[in-house]
Each structure stands twice: as structure tokens, then as C-alpha cells.
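The following report goes through one protein chain together with its ligand. Please keep the sequence and the coordinates at hand while reading.

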Amino acid sequence: MRENSSDVIVVGGGPCGSFTALNLAKLGFNVKVFEEHAEIGVPFHCAGHLSIKGLKLLGLHPLPPEIVENVFYGAVFHSPRGKSLHVRFSSPVTYSVNRVLFDKYITKVAEVAGAHYFLSSAVKSLMIQNGFVKGVIVRRGKTEKFSAKVVVDAEGISSGILRQAGLSAFNRHTIVKAVQAEVENVEELETDMVEVFLGRDYAPGFYAWIMPKLDGEAKVGLASKTGNPRELLQRFMLKHPTASKKFRRAKILHTSFHSITLGGPIPKIFSNGFLVVGDAAGHVKPTTGGGVIFGMACARIAAEVASEALRRNDFSSNFLCEYQKRCNRTLGSEAKFMLRIRGALDALPDNKLDNAINFCVKIGLDKALQNFEDIDFQRRSLLRMLWNPRMSAFLFYSLFSYLLANR
Ligand SMILES: Cc1cc2nc3c(=O)[nH]c(=O)nc-3n(C[C@H](O)[C@H](O)[C@H](O)COP(=O)(O)OP(=O)(O)OC[C@H]3O[C@@H](n4cnc5c(N)ncnc54)[C@H](O)[C@@H]3O)c2cc1C
């Protein structure tokens with residue numbers, strides 16, 4: 001076995017791994033990224049629904065035009081029995097990005113900054129000496145050892161090296177199984193609006209979505225706590241009172257399956273010489289399952305803390321805990337708030353969801369939601385809207401329904 005050394009090793013070339021690598025390489029550190037697949041971004045599974053505000057926050061706006069498949073001005077929320085609430089903003093709020101091209105773009109920028117990528121290179125285990133992670137063992141044809149002062153775990157939801165570093169992964173009960181299909185000939189769509197279908201009949205524990213593209217195709221998906229996602233998707237496309245009308249002539253071109261964690265951050269995201277970013281760390285919004293913006297925001301913090309550790313030559317937990325503290329300051333209360341919203345949504349039976357959407361339409365909540373300026377930092381946005389009488393009425397209604405449902 002040969003041994004190579006660097007400042008930082010990143011395990012996984014998804015958006016969060018590559019963004020960590022980019023931010024460290026920009027500072028002049030020697031960074032290696034190991035990706036088990038032969039091509040960055042492939043296979044893909046993600047809808048690529050990203051907020052423009054989030055991309056700006058990360059310094060990634062504007063994106064190269066070929067990455068953006070569509071631009072959205074808002075969303076239509078459908079209740080289980082076919083009521084709908086339209087929330088349209090006066091300017092674009094989100095993009096549908098092509099995740100393969102997006103991942104490749106972050107990789108390219110990281111490479112230009114000086115990061116070294118190793119494809120078809122699966123990290124099999126960590127090298128640990130005296131309680132410190134000191135590198136990784138990689139299989140790429142042959143087995144090789146690579147040492148580093150800091151190893152960053154960016155393996156995504158199925159991280160295998162977490163436990164070896166003494167950290168605990170997710171609670172299985174917080175994971176939903178997702179399916180997404182690329183579908184052509186979808187009809188009756190507003191091409192600049194995302195559609196969200198709530199209700200446990202079709203997507204227990206989550207929701208279904210339709211994200212139109214400009215070429216007549218759409219990304220159609222759902223996630224669920226129980227049941228078989230493939231069967232649920234079929235049921236959704238054939239039987240849902242509103243959605244099925246859009247799929248009368250539809251043809252599925254490609255289907256992918258993956259899981260999403262909705263349980264918020266894992267308890268500990270650092271140990272000696274080791275940091276965890278992205279899905280592996282649970283940096284995903286429990287309300288929507290979106291993990292790209294949250295994950296990359298924390299990946300940038302990981303790079304910041306790793307760079308400070310390298311300058312101080314201190315890779316101990318005592319210093320690296322700074323990463324968790326800074327992530328908590330950025331995301332902590334947001335994640336807790338969204339966990340409560342997710343819990344409340346999960347507890348609501350379908351008939352109550354129908355009533356709630358109906359109530360929202362009646363009081364004109366769509367108008368109040370036009371001030372919901374940040375879909376990533378949802379708690380912050382909601383707090384800013386509390387003065388709005390429509391929002392106060394809705395919150396009062398929700399609290400009342402929740403108390404009645406849980407008597
Ligand atoms: C159906 C679906 C739809 C989604 N839609 C959205 C959305 O619209 N918006 C949004 O923000 N989020 C969405 N998400 C979530 C989003 O995909 C993730 O939050 C995001 O991809 C996390 O990025 P990551 O870099 O942490 O992990 P990943 O993107 O999973 O990347 C991890 C990488 O690590 C590699 N890897 C793993 N183990 C090893 C190893 N041992 N050695 C080497 N390489 C390894 C993998 O091959 C992979 O390339 C969706 C998820 C699903 C399942």
C-alpha cells in the first residue's frame with residue numbers, strides 16, 4: 001500500500017463535499033476529494049429545487065445558465081381532497097437545477113481553486129491513531145492509504161465511516177424513502193409554479209411534488225415513511241383527484257430512489273481530526289427535505305473551522321467542536337422549529353389538512369405568504385410575518401386544530 005498525505009481529505013464529491021473542498025482550496029490548502037463513482041453527480045436522485053436567496057448567500061449566484069432548468073415564482077399547495085392554495089411572488093424565488101450539472105460545476109470551481117479529485121475511489125475505512133482520525137483507506141483498483149490532518153465526511157445519507165469515528169448516525173424513524181421520476185407529456189401545469197401535494201393517503205409522512213421543466217417534462221416525486229415508494233408514485237399519478245388529471249398522457253422516462261433524513265442534525269458532527277457535513281450530518285430541512293443550501297452553508301463553516309485548525313495545528317475535538325457551535329448558531333433554532341412543524345404536519349389527519357388549506361384560502365393567507373421571504377430560514381421568515389393579521393389568524397387556527405386533534 002502506498003501512502004500519500006495532504007491537509008484535508010473530503011470523502012464524497014456531492015455538493016457539500018465539493019463546497020468544503022472549494023472553500024479550503026481557495027485558502028491555499030492541499031485538499032483531496034474521493035468519490036466512489038466514475039462520474040461526479042451520477043447517479044442523480046435530487047429534484048434540485050434551490051432558493052435563489054440561498055444560492056446568493058453561498059456566493060453561487062448567478063449560476064451558469066445551462067444548469068438552470070426552470071425558474072419558479074411560487075408554489076401551489078394541494079390538499080388531499082383537491083383544495084389548493086396558490087402562493088405567487090412578484091419575482092422569481094427558486095430554481096430547478098440540473099443536479100448532475102450543478103455538482104459538476106461546483107467540482108470544476110473547486111478544481112480550478114486547486115482541489116484534487118479522485119474518481120472511482122471508494123473510501124473503505126478511516127485510519128485512526130491514538131484516538132485521532134489520521135487518514136483514509138481507499139479502494140481504487142488497488143487499496144491505498146492517504147493521510148491528512150483533517151478528514152471531512154461528506155458521504156451523504158448512507159455514511160459508513162461515521163461510526164468508526166465514534167459518532168452516531170440518524171434515528172431510522174426519521175428517514176423517509178423517496179422516489180423521483182422524469183416524466184414527459186404532463187398537462188395542466190403552470191410552468192413557473194412548483195406543485196406540492198399534501199396528505200398521508202398518497203405520501204404518508206411527507207408530500208408529493210411536481211416540478212415543471214421548460215421542455216414539457218416535469219420532475220415528479222414523493223417520499224413516505226411507510227409503503228413502497230414506487231407503488232405510491234403510481235397511485236399518486238393514477239388516482240390523486242387533482243394530480244391524476246395532469247398525467248393522462250404522461251410517460252415516465254427515468255426513475256430514481258433514495259432516502260431523505262428529516263430528523264435534523266445528528267447529535268455530534270466532529271471528533272478528533274474529523275468533521276461531518278451535508279446529509280451525513282443531517283443538515284437537511286425537516287419540513288421540505290431540502291439539504292443542498294443548508295448542507296453547503298455548513299460545509300462552508302466546516303472549511304472555515306478546518307482552516308483555523310490547520311493554522312493552529314490543533315485537530316482535537318476541543319477545537320473542532322467550534323464547527324458544531326457555529327452550525328448551531330446558523331441552523332440550530334431553524335432546525336428545531338422545522339422539526340416542530342414536521343411533527344405537527346405528520347399529526348394532522350387528511351380531513352384536517354383539507355380544512356386547514358380551505359381556511360388559508362378563505363382568509364387570503366396566500367397574500368400574507370408573499371412576505372415569506374426566505375424558504376431556507378423558515379423560522380426567521382415566519383417571525384417577521386407574525387404582525388400580519390392573516391398569519392396570526394392562521395397560527396391561531398393551527399394551534400386550535402392541533403389541540404383538538406391531540407385532546
Ligand atoms: C428524491 C430527492 C429529492 C430531493 N430534492 C431536493 C431539492 O429539491 N432540494 C434540495 O435542496 N435537496 C433535495 N434533496 C436532498 C439533497 O439531494 C441532499 O440534501 C444533497 O444531495 C446532500 O448533498 P451531500 O453532498 O451531503 O450528499 P450527496 O449529494 O448524497 O453526495 C454524497 C457523495 O458521496 C459519495 N460517497 C458516498 N460514500 C462514499 C465513499 N465511502 N467513498 C467515496 N465517495 C462516497 C457518493 O457517491 C456521492 O457522490 C432531495 C433528495 C432526494 C432523495
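## A loop residue and its surroundings

Ser 120 is partly exposed, because 13 other C-beta atoms lie within 10 Å of its own, a count above the limit of 12 for exposed residues and below the 20 required for buried ones. The model in which this count was made is a predicted one. Ser 120 sits in the loop between strand 8 (116-118) and strand 9, and its phi is positive, at about 50°, although Ser 120 is not a glycine.

A positive phi is also found for Asn 130, again near 50° and again in a residue other than glycine. Asn 130 belongs to the loop between strand 9 and strand 10, and Asn 130 is exposed, since 6 other C-beta atoms are found within 10 Å. The two strands on either side of Asn 130 form a hairpin with two residues between them. Strand 9 and strand 10 (residues 132-140) run antiparallel and are joined by seven bridges, and in this pairing Met 127 stands opposite Gly 135 in strand 10.

## The chain as a whole

The chain contains 10 helices and 18 strands. For 407 residues, a compact globule would be expected to have a radius of gyration near 22 Å, and the 22 Å computed for the chain agrees with that expectation. Along the principal axes, the C-alpha atoms fill a box of roughly 65 × 45 × 40 Å. Of the 407 residues, 45% count as buried. When contacts between residues at least 6 apart in sequence are considered, 71% of them join residues that are at least 24 apart.

## Two open sheets

Strands of a sheet pair through backbone hydrogen bonds, in either a parallel or an antiparallel sense. Seven strands of the chain form an open sheet with mixed pairing, in the order 6-5-13-14-15-12-16. Its edges are strand 6 (84-88) and strand 16 (251-261), each of which pairs on one side only. On average, and with direction ignored, neighbouring strands of this sheet are turned by 15° against each other. Helix 4 (residues 229-239) packs on the sheet, where it touches strand 12 (175-184), strand 14, strand 15 (217-224) and strand 16, and the direction of helix 4 makes about 125° with that of strand 15. Within the sheet, strand 13 (residues 193-198) and strand 14 (residues 207-212) run antiparallel and are joined by four bridges, with Tyr 207 in strand 14 as the bridge partner of Leu 198.

A further open sheet consists of three strands in the order 3-7-4, with antiparallel pairing. Strand 3 and strand 4 (68-72) stand at its edges, and because each has a single partner strand, one side of each is left without a neighbour in the sheet. The twist from one strand to the next averages 30°. Four bridges hold the antiparallel pairing of strand 4 with strand 7 (residues 94-97), and Phe 72 stands opposite Thr 94 in strand 7.

## Around Ala 250

Ala 250 is found in the loop between helix 4 and strand 16. With 18 other C-beta atoms within 10 Å, Ala 250 is partly exposed. Leaving aside residues up to four places away in sequence, Ala 250 touches Val 183, Glu 184, Asn 185, Val 186 and Met 237. Pro 65, by contrast, is 185 residues from Ala 250 in sequence and 27 Å away in space, C-alpha to C-alpha.

## Cis peptide bonds

Two peptide bonds that lead into a proline are cis, and the table gives their omega values and the loops in which the prolines lie.

| Peptide bond | Omega | Loop holding the proline |
|---|---|---|
| Val 42 to Pro 43 | near 0° | between strand 2 (31-34) and strand 3 |
| His 61 to Pro 62 | near 5° | between helix 2 (52-57) and strand 4 |

## The shell around the ligand

Which residues come nearest to the ligand? Of the 37 residues around the ligand, these are Gly 12, Gly 14, Gly 156, Gly 278 and Gly 291. At least two residues of the shell are supplied by each of helix 1 (15-26), strand 3 (49-51), strand 9 (122-129), strand 12, strand 16 and helix 5 (292-312). By residue type, the shell divides into 15 nonpolar, 18 polar and four charged residues.

Note on methods
Residues numbered from 1 in each chain as written. Predicted model: local features only at pLDDT ≥ 70, side-chain atom pairs only at ≥ 80, totals over all residues. Rg over C-alpha atoms; globule rule 2.2 N^0.38 Å. Contact = placed C-beta atoms within 7 Å. Pairing = 2+ DSSP bridges. Axes fitted to C-alpha atoms, helices over the stretch in contact; angles between N-to-C directions. Near = placed C-beta within 6 Å. Nonpolar A, V, L, I, M, F, W, Y, C, P; charged D, E, K, R; others polar.
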